[in-house]
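Open the model in your viewer and keep the selection box handy. We will stop at a few residues and then step back to take in the whole chain.

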Amino acid sequence: MNDGSKKSRRRRSSSILYQEPQESMEHLSDQAAIPNLNANWVNAKGAWAIHIVLIVALKIFFSIIPGIQRDTSWTLTNITYMFGSYLMFHWVRGIPFEFNAGAYDNLNMWEQMDNGDQFTPTKKFLLSVPICLFLASTHYTHYDLTYFTINVLALLGVVVPKLPSSHRLRVSFLSGHPDDRYPDER
């Protein structure tokens, strides 16, 4: 009973992982035309210090809550920083500005930083901060297996997306397949 008036459903892979395709020449020229204000701030003065200030503020906040022990406050600090870092650098795609003709719509902030180059000083710093926080939180939880498991899972959730092998790799059960999010762009 297909009379042609109904739109057929487009088949897509049932794979959980998919690779984001490279940009077209139009997107590359749009990216080169205007500086990316969304990702360039990470190289500015004080941008690295804000991560340390945030971690110290989180630690103080969780330490002053009555009834929370030191090992729990370190684990909460670790989890909160890792969650915020993942959300900011790996979850949100595109930029909040409308002046670049959608040139960065398919890229998360980590992929936008330093024009996608790997192992720049900024990316090395942002990779080392979660690792150092994990080491500190593991030490101050006295290597307890429960806290260690929680902290290592949080660390893996932030470090694995930063690796070069994860560049443009998407997990579709977390963020949905792009065809499902933008049905009008087919």
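Select Ser 128 to begin: this residue sits in helix α6, residues 121-140. Helices here are DSSP runs of H or I with at least four residues, strands are runs of E with at least two, and both are numbered from the N terminus. This is a predicted model, in which local features need pLDDT of at least 70, side-chain atom pairs count only at pLDDT 80 or more, and totals for chains, interfaces and linings use all residues. Residues are numbered from 1 along each chain as its sequence is written, and side-chain values use heavy atoms, with hydrogens and water left out.

Is Ser 128 buried or exposed? Ser 128 is partly exposed, because its relative accessible area is 29%; buried means under 20%, exposed over 50%, and partly exposed in between, with a 1.4 Å probe and protein chains only.

Now add Phe 125 to the selection. Its backbone oxygen lies 2.8 Å from a polar atom of the Ser 128 side chain. Then add Val 159: Ser 128 and Val 159 are 31 residues apart in sequence, and their C-alpha atoms are 9.1 Å apart in space.

Next, go to Ser 73 in helix α4, residues 70-91. Ser 73 counts as buried, because its relative accessibility is 1%. Show Lys 59 too: the side chains of Ser 73 and Lys 59 make a polar contact at 2.6 Å. Such a contact is a pair of N or O atoms within 3.5 Å; within protein, one must be able to donate a hydrogen and the other to accept it, and residues adjacent in sequence count only if both atoms are side-chain atoms. Leaving aside residues up to four places away in sequence, Ser 73 touches Lys 59, Phe 62, Ser 63 and Ile 68, where contact means heavy atoms within 4.5 Å.

For the third stop, pick Leu 54 in helix α3. Leu 54 is partly exposed, with a relative accessible area of 42%.

Finally, zoom out. Which pattern does the protein chain follow along the sequence? Reading along, you meet β-α-α-α-α-α-α-α-β-α-α, made up of nine helices and two strands. The chain has 186 residues, and 37% of them count as buried. Among contacts between residues at least 6 apart in sequence, 70% join residues at least 24 apart.
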